[in-house]
Amino acid sequence: MLVKEAPYIWHNGDVIRWQDAKVHVLSHALHYGTSVFEGIRAYHTPKGPAIFRLSDHMKRFFESAKVYRFNVPFSQQELEKACIDMVDQNELKSAYIRPVAFLGYGHVGLLPPMDLELDVSVIAFEWGSYLGESTLEHGVDVCVSSWNRIAPNTVPAMAKAGGNYLPSRLICMDAKRNGYHEAIALDTQGFVSEGPGENIFLIRDGVIYTPPLHHSVLAGITRDSVIKMANKYGYEVQEKTIPREMLYLADELFFTGTAAEVVPIRSVDKLEIGDGKPGPITKQIQRGFFGLFTGETEDEWGWLEHTPRHEDSLLLI
Ligand code: PMP
């Protein structure tokens with residue numbers, strides 16, 4: 001899917017035109033994956049655009065940078081404002097927001113000086129549902145990938161860094177090449193981990209399970225939201241090691257993620273999950289999640305950040 005361009009991008013503190021947001025081909029991150037980033041959604045709500053869990057995403061952004069001892073030359077507050085401004089100034093009703101901090105041009109060695117400041121951009125653009133609009137209703141067919149997730153103490157799974165996504169490419173290709181929408185990856189021990197860009201939930205006998213973080217799982221913000229909402233609905237949610245075969249024996253399965261949102265899984269390795277249709281608990285959680293943006297679900301957690309619209313003119317350089 002081609003990106004839908006917006007007029008402006010926030011780059012190192014300035015607002016510049018989309019087509020002017022360019023980097024040098026010798027940028028460090030391009031060669032070594034030395035970047036950290038976030039994926040955040042803004043939804044159209046009756047009260048105007050609202051960014052979902054902005055401060056939680058930006059907290060994770062700074063935590064990812066901390067693991068790599070990256071020097072981000074802006075505060076969390078400044079970057080949150082940049083996210084709000086990009087939705088606002090690009091006049092987006094809904095958006096996918098991509099803050100990225102990366103080692104830029106100037107050093108070619110693996111370890112540039114530790115105090116070197118990262119370049120930081122915030123890009124916001126319109127983006128529909130990641131796995132396809134109809135999959136939200138009908139679910140996806142997935143396989144278990146022949147590629148594993150990153151091993152513990154190699155590439156840290158809790159840091160959302162550019163380099164983490166090379167295995168995700170292999171996992172996605174595995175799925176697409178074999179005619180599936182998406183794949184589930186196991187960790188290096190053979191236990192269920194997550195999708196290439198989604199966390200996974202499994203329901204069996206009314207209990208909701210999801211793999212704990214030590215199975216090479218990103219601490220997903222949607223994952224956390226679903227756990228909190230499921231608890232509110234009275235479900236028991238357990239973070240538990242999940243063996244591969246439990247996927248096939250699940251009553252219901254679904255993916256969560258900012259891009260993917262809440263997507264039912266209707267089959268794994270061509271075995272139907274339940275009766276092959278999105279199950280009642282999945283549907284309840286999905287309805288509750290999307291209800292946050294229509295106003296049907298009360299935002300009792302304060303997850304929605306409404307974007308103010310500034311009347312003052314754009315700051316253009
Ligand atoms: N796992 C991976 C590997 C991801 O890239 C993502 C997307 N950020 C997720 C899980 C879901 O996380 P979140 O709900 O915070 O988007």
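Let me start with the length of helix 3, in what is a predicted model: at 1.5 Å a residue, its 14 residues should span 20 Å, and the C-alpha atoms at its two ends do lie 20 Å apart, so the expectation and the model agree. Staying with helix 3, you will see that 10 of its 14 residues are buried, and the helix is therefore largely enclosed by the rest of the structure. The buried residues are Leu79, Glu80, Ala82, Cys83, Ile84, Asp85, Met86, Val87, Asp88 and Gln89. Just after the helix, if you follow the chain onward, Glu91 takes a positive phi of about 55°.

Now to the packing. Two packed helices are described by the angle between their axes and the distance between the axes. Helix 3, which covers residues 76–89, packs against helix 2, residues 54–67, at an angle of about 130°, and the two axes are 10 Å apart. Angles that are neither under 35 degrees, nor over 145, nor from 65 to 115 count as oblique, and helix 2 and helix 3 are therefore oblique to each other. Their crossing is right-handed. On the side of helix 2 the contact is made by Leu54, Ser55, Met58, Lys59, Phe61 and Phe62, while helix 3 contributes Gln76, Leu79, Glu80, Cys83 and Ile84. Sorted by class, the residues of this contact are 7 nonpolar, 2 polar and 2 charged. Among the helix 3 residues in that contact, Leu79, Glu80, Cys83 and Ile84 also appear in the list of buried positions.

Let me turn to the second pair, helix 6 and helix 8. What is the angle at which the axes of helix 6 and helix 8 cross? Helix 6, residues 221–232, and helix 8, residues 280–294, cross at roughly 110°, with axes that come within 10 Å, and they are therefore roughly perpendicular to each other. Here too we have a right-handed crossing. The contact is formed by Thr222, Val226, Met229 and Ala230 from helix 6, together with Ile285, Gly288, Phe289 and Leu292 from helix 8. By class this contact comprises 6 nonpolar and 2 polar residues, with no charged ones.

As for helix 6 itself, it has 12 residues and reaches 17 Å from its first C-alpha to its last, which is close to the 16 Å expected at 1.5 Å a residue. Its buried residues are Ile221, Thr222, Arg223, Ser225, Val226, Ile227, Met229 and Ala230. Just after helix 6, Gly234 takes a positive phi of about 95°.

Conventions: Residues numbered from 1 in each chain as written. Predicted model: local features only at pLDDT ≥ 70, side-chain atom pairs only at ≥ 80, totals over all residues. Heavy atoms only, no water. Axes fitted to C-alpha atoms, helices over the stretch in contact; angles between N-to-C directions. Helix = DSSP H or I, 4+ residues; strand = E, 2+ residues; numbered from the N terminus. Left-handed = near helix turned anticlockwise from the far one by under 90°. Contact = heavy atoms within 4.5 Å. Nonpolar A, V, L, I, M, F, W, Y, C, P; charged D, E, K, R; others polar. Expected span 1.5 Å × (residues − 1). Buried < 20%, exposed > 50% of the residue type's maximum accessible area, 1.4 Å probe, protein only.
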